[in-house]
Amino acid sequence: MAHGEHKYEVLVQWTGNRGSGTSGYRDYGRDHVITAGSKPAIPGSSDPAFLGDANRWNPEDLLVASASACHKLWYLHLCAEAGIVVLQYLDRAEGTMLDSPKQGSFSQIVLHPHAVIQAGGDLALAEHLHHVAHEKCYVANSVNFPIRCEPTFSTHAV
């Protein structure tokens, strides 16, 4: 794995000008498009609580998804190195944000990953690797609120 500094560039383009720009709080759309290089565009908006479009990704969704995906990538890597064969992985992650008149902030994210492990795999080790993945997760190491992991497992013969 490459060590050192890694940079990430994205373009967030606002597409919500309804003709009068930001002339009033309710006069503009929150829609935007997120792009990075040749990757597929992500349609974004704000949370519907903040006049956004519920059919588009909002920053809060993306933060929870980033925490979940980072944990999953580390977990699968660690399992592969340890000889734990993961056949399926699904996380129903939940984030809690507190909104106040002065500022909002996340209070926590809880990951609920369910991994299907090949029969005969070491379930104690599989569970321990979630703790290691959490320690290594770049996103978890970058935020100022707790990210908890509550994993479950099942086994499946191949």
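**Close-up 1. In this predicted model, α1 and α2 cross in a right-handed way (the near helix is turned clockwise from the far one by less than a right angle).** Helix α1 spans residues 59–82 and helix α2 residues 123–136, packed at about 130° with axes 8 Å apart. That makes the pair oblique, because the angle is not under 35 degrees, over 145 or within 65 to 115.

**Close-up 2. Here are the residues where α1 meets α2 (heavy atoms within 4.5 Å).** Helix α1 brings His71, Trp74, Tyr75, Leu78, Cys79 and Ala82. Among the partners from α2 are Leu125, Leu129, Val132 and Lys136.

**Close-up 3. Now for the largest pocket, with a volume of about 820 Å³.** A pocket is an open set of points on a 1 Å grid where a 1.4 Å probe fits, with protein on both sides within 12 Å along at least five of seven lines; lining residues have an atom within 4 Å of a point. Of its 19 lining residues, Tyr8, Val10, Ala36, Lys39 and Ser66 are the closest to the centre. Both β2 (32–35) and α1 supply at least two lining residues each.

Residues are numbered from 1 along each chain, and side-chain values use heavy atoms, without hydrogens and water. Local features need pLDDT of at least 70 and side-chain atom pairs 80 or more, while totals for chains, interfaces and linings use all residues.

Definitions and conventions
Axes fitted to C-alpha atoms, helices over the stretch in contact; angles between N-to-C directions. Helix = DSSP H or I, 4+ residues; strand = E, 2+ residues; numbered from the N terminus. Points joined across faces, edges and corners; volume = space filled by probe spheres on them.
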